[in-house]
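The following exercises concern a single protein model. Each task is followed by a solution that proceeds step by step.

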Amino acid sequence: MDAAAWGQGTAIAKAEAEQLGISVPTLYRALEREVGWKSGRKPRADKGTTSQNLQVVEHVAAMKKTAVRKNGKAILPTTVATSVALMNGLNVAVGNAQINRLMRDRKLDVAKQKLANPHVHMRALHVNHVHEVDPSLCVVYYLKGKQYMIREDQFYKNKLEGLAKVKFKVWRYTWYEAASAAVLPWYVEAAGESQQNLYRFLMHAWGKRDGDPMHGVPRILVWDKGSANSAHAIKNLCAALGVETIEHAPGNARVKGGVEQANNLIETQFESRLKFEPVETVEQLNAAAQAWAIAYNANLIPHQDTRLRRPGRSAVSRLDLWLTITAEQLRTLPSSEVCADLMRGASVERKVAGDLSISYRHPQAERSQAYRLDGCAGVNVGDTVWVSPLIYEGDMAVAVSFARYDGQHIEYRVQPERDFDPYGKPLSAAVWGESFAVVSTTDVERSGQQLDRLAYGNKLAKDIAKDKDKNIAPFAHAGGMNAHSHLKQVELPAYLPKRGSEITTSAPVLESVRLDIDAGLVRLRKVMRHDFDAAMRPWLEARFASGIPEDQIDQIVRDWQSRHSVPVAAERMALRVVGGV
């Protein structure tokens, strides 16, 4: 090419390109790339421009991008995309090779679009600032008391029915502390994820464990979107403990990359050991996992260096990093009873029925159940209350809350109606021909009775009713009231409207439900059986004028039995003496 006369270089290039089976531009690029030869020709003035409409190029690129599967496979070639574009009225003025080149130059091709999005590094301010948790299916499962390992040739991704045969699988819940990179696995045998298991795991991870100094409640909890969607009770628990929950978007597990790496670390460093030393139960698995986690975090595994290595500091064990926590940063977990009470599901509205009850389906119940509120002071017929299930109680109890007239937030713990006869009627109901039960007097009724006595005098309810039937003017017993005649002399002053102040509410108080005397006697008869004495009614009426506290039934039984144990024993002794004579 250098020796060629003027005008002969193009012919030589065409001949060589034809012999090699490539185009002339490809030959020139190869000469420049392989041997550094350039023709010396001045670049064209229109280099970098194209006659092709770039909006059409972007349209073709968008078609190819939308045809990429989740596994990254591109199923729409450029030839098909340009063909479809032409049939839909788009002007594709260049060949497919040029379309591909234009997309590559503008970073619109599939290869560039499939590259991972740029990410930033996240850091925690101190130990226990950020915790990451993640539930995942473990490679271990148990059948008939024997340990098995999930093998890829048995349970590959396109054969999920193989794994579905295992009803109770072993789930691994992984805890990761962002500042020290400490890890902790916890295992449970279950059919799937649940709020109860997530709660048990958090209590295990945040609470104190034998032989492990790491514990405490974080400021921020990072979890995946799936766990958050189904964990209303956990959200309420975290809110009560002052923990901010952050959910990453679906398919973006890199946000909590620390716990994802911890999952891989647990699989390779701990679960791989189970192949050589199997365990028989999940309890044994958790014991082995905790022993491994303590040793791994403290760099105490024999013949293995498990120290944390980061660019900004020298190698150090995870436990040594965690021990830098201060007293202000270490927030200890409250008691299990307090945490269980904070485990509440999503609140829903219910209107109080005429019998002072609400209907609600607890998440742990198969159908709706009746919850009686006649012992809840301040609740009236027609009121709207908020109901949230107490998830961890186990007895399908609910928390019923409402705002009183003065703005105070009141809350009660209520259990469902449980005792029914064979015909589906509650045993607390009155029996025809034997007794008549009256619904507990509500605050509205008590207020109304008080107002009636004020308006008609301190009389019995039946006498006040007679006065109303006779249309006797209220307050007639006190000389009557000047209701309107004085208005003729009234002069209204000019005044400016006053600005009010907001009412501040106090913390909710969970009070005990109070039963009326009839309902209390039914409950006592069921508890005491043959020792029940009808003479308890006047004793109860004198002692519990405002209602019998539901949570004091057992104490009432003990008080009654201790009060009457000596006379009953003496009476029985006298009968035996008389019988002997």
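**Exercise 1.** In this predicted model, determine whether F402 and Y412 are buried or exposed, and classify the geometry of their rings.

*Solution.* Both F402 and Y412 are buried. The structure holds ten aromatic pairs. For F402 and Y412, the ring centres are 6.3 Å apart and the planes meet at 15°, so this pair is stacked; planes count as stacked under 30 degrees. The pair connects distant parts of the chain, with F402 in strand β13 (residues 398-403) and Y412 in strand β14 (residues 409-414), ten residues apart.

**Exercise 2.** Establish how far helix α8 is enclosed by the rest of the structure, and which contacts F201 makes.

*Solution.* Helix α8 spans residues 195-206, twelve in number. From first C-alpha to last, the helix reaches 16 Å, close to the 16 Å expected. Nine of its twelve residues are buried, so α8 is largely enclosed; among them are L198, F201, L202 and W206. Beyond neighbours within four places in sequence, F201 is in contact with V133, Y173, T174, W175, L184 and W186. F201 and W206 are also among the residues with the most contacts inside the largest nonpolar core, which has 66 residues. Apart from that core lies another, of 19 residues, including I358 and Y412.

**Exercise 3.** Locate G378 and state why it counts as buried.

*Solution.* G378 lies in the loop between β11 (369-372) and β12 (384-389). Its relative accessibility is 12%, and buried means under 20%; therefore G378 counts as buried. Between G378 and R404, 26 residues apart in sequence, the C-alpha to C-alpha distance is 6.9 Å.

How values were computed. Residues numbered from 1 in each chain as written. Predicted model: local features only at pLDDT ≥ 70, side-chain atom pairs only at ≥ 80, totals over all residues. Heavy atoms only, no water. Helix = DSSP H or I, 4+ residues; strand = E, 2+ residues; numbered from the N terminus. Expected span 1.5 Å × (residues − 1). Buried < 20%, exposed > 50% of the residue type's maximum accessible area, 1.4 Å probe, protein only. Core = buried A, V, L, I, M, F, W, Y, C linked by side-chain atoms within 4.5 Å. Contact = heavy atoms within 4.5 Å. Phe/Tyr/Trp six-rings, centres within 6.5 Å; stacked < 30°, edge-to-face > 60°.
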